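Hi everyone, thanks for coming. Let's take a few minutes on side-chain packing, so please have a look at the model on the screen.

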Amino acid sequence: KYEEYEDKEATLNVYCGVAEGVMAGVNVIVTDYAEFFLIGKPLSDVATAEGLAEKGELVISPSVSKILRKEGSRIASELKFESVQNNFCKVTWPNCPGASDIISIFLGVVDPPEFKYCNSALIADMVSGSNVRMAKQGEICDSNESEGVDEADSIETARMNCLDSYQSKEATQQEVTNLLSCHFHKATRGTIGQLSAELRRVIVIFVKIMYEPSLSTNEAKDAETLSNLQNIFTILAESVNSRSGQVRQFISDDKGTVFIASFGLRGSMTSNSSASAIAAAQEAQKNLSNALDLQCSIGITRGKIFCGQVGSIERYEYTLLGPTVNLAARFMCAGSPGQINCDEEIMRENEFRYNFLISARHKLKGFKGEVSLYMPLQKKGNDDLGKLLVRKREKEELLHHVLEQQL
């Protein structure tokens, strides 16, 4: 609350990409923490589309373009398509209602005659001409061929029949509830139902694993992919958790398969979080190589960032935001497989523990001038923590840790 902020206007630049297709969701779990990992071609397509978009533009994948151009779609008749690259298209809607009007329509506040794109019309556009397929007692049927049965009722009936064929509705709900509770970030489990946040000095780790999972029609290959994802997550999470770190996310995005963690959040301070972060990174790198023959690139940075929940009470997630987070991601991407790159602050705090090498200097997006990347090498032989070789920053950390434990 004592921070000073520059009072100036800000411009939010938006680059939009849209893709669609078949995807699979995988829950990977370690002890009492779980992550939901998505796999599928739409992830790479949407990354490509977003990368092709300029400020304020929307670019869609070839499959989305095909759907929107489908004959008979009312919305598509008003859209303008411009080819960008490899059948990816920029889309504009010249007569699109204003943002406030669209929000009012979807909230049900107004449904004026001049807007034909109300809730029911938009939903009808999404389902028109498409076959809603459903599983019912092991049979696949086409809802468009079912006469005299409301489509929504048919889908709900099929869904309930599928549940009944395996276990009771109550048992399924309880299992889902238990699983979802594992997805809460550990820093928020004592504050369910309320939003909290703080500005805090935290160490952030980004890990890019050289593994690109994909969907197949082969059950054995899919089982192998699931096993690999679970093993990767277990190795990374245990390296972090064993040193009082906390997992933030495990995802597949435009950067590849990425694991994000942090050290120094409230309730999990150590006497030297940066040393713990380096040790966790080195252990994770070693175990991934030995157990799975996989390489990774790791970025580690430290600074004051926003730590807390974002969203609404109905839908929110715990996140870490700030230049320090962005820098860790840049370091991860700039590094080669097998490299761990730290910022200067991490290096200064640990130069009596490790030998460091300046692995590169880069001009990174969002940062002025060249930024040096420091790679920790072997430990120094005189690393005797029993002598309590502590610097000012570490003294402050230790004092903060003691005070925090008394709260």
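Which residues does I300 touch, not counting residues up to four places away in sequence? Before I answer, a word on the source: this is a predicted model, where local features need pLDDT of at least 70, side-chain atom pairs count only at pLDDT 80 or more, and totals for chains, interfaces and linings use all residues. Residues are numbered from 1 along each chain as its sequence is written, and side-chain values use heavy atoms, with hydrogens and water left out.

So, I300: its contacts (heavy atoms within 4.5 Å) are I203, V204, I205, A277, I278, A281, F331, I340, N341, C342, D343 and I346.

I300 also belongs to the largest nonpolar core (buried Ala, Val, Leu, Ile, Met, Phe, Trp, Tyr and Cys residues joined through side-chain atoms within 4.5 Å; buried means under 20% relative accessible area with a 1.4 Å probe, protein chains only). That core has 37 residues, and I209, F233, F250, F259 and I300 touch the most other members. Helix α7, residues 219-241, gives the largest share, seven residues; helices here are DSSP runs of H or I, at least four residues, and strands are runs of E, at least two, numbered from the N terminus.

Now the rings. Five aromatic pairs turn up in the whole structure, with centres within 6.5 Å and planes called stacked under 30 degrees, edge-to-face over 60 and tilted otherwise. F37 and F250 are tilted, because their planes meet at 45 degrees, with centres 4.8 Å apart. F37 lies in strand β3 and F250 in strand β10, 213 residues apart. F250 also pairs edge-to-face with F259, at 6.4 Å and 65 degrees. Ring pairs link F37, F233, F250 and F259 into a cluster.

How values were computed: Buried < 20%, exposed > 50% of the residue type's maximum accessible area, 1.4 Å probe, protein only. Phe/Tyr/Trp six-rings, centres within 6.5 Å; stacked < 30°, edge-to-face > 60°.
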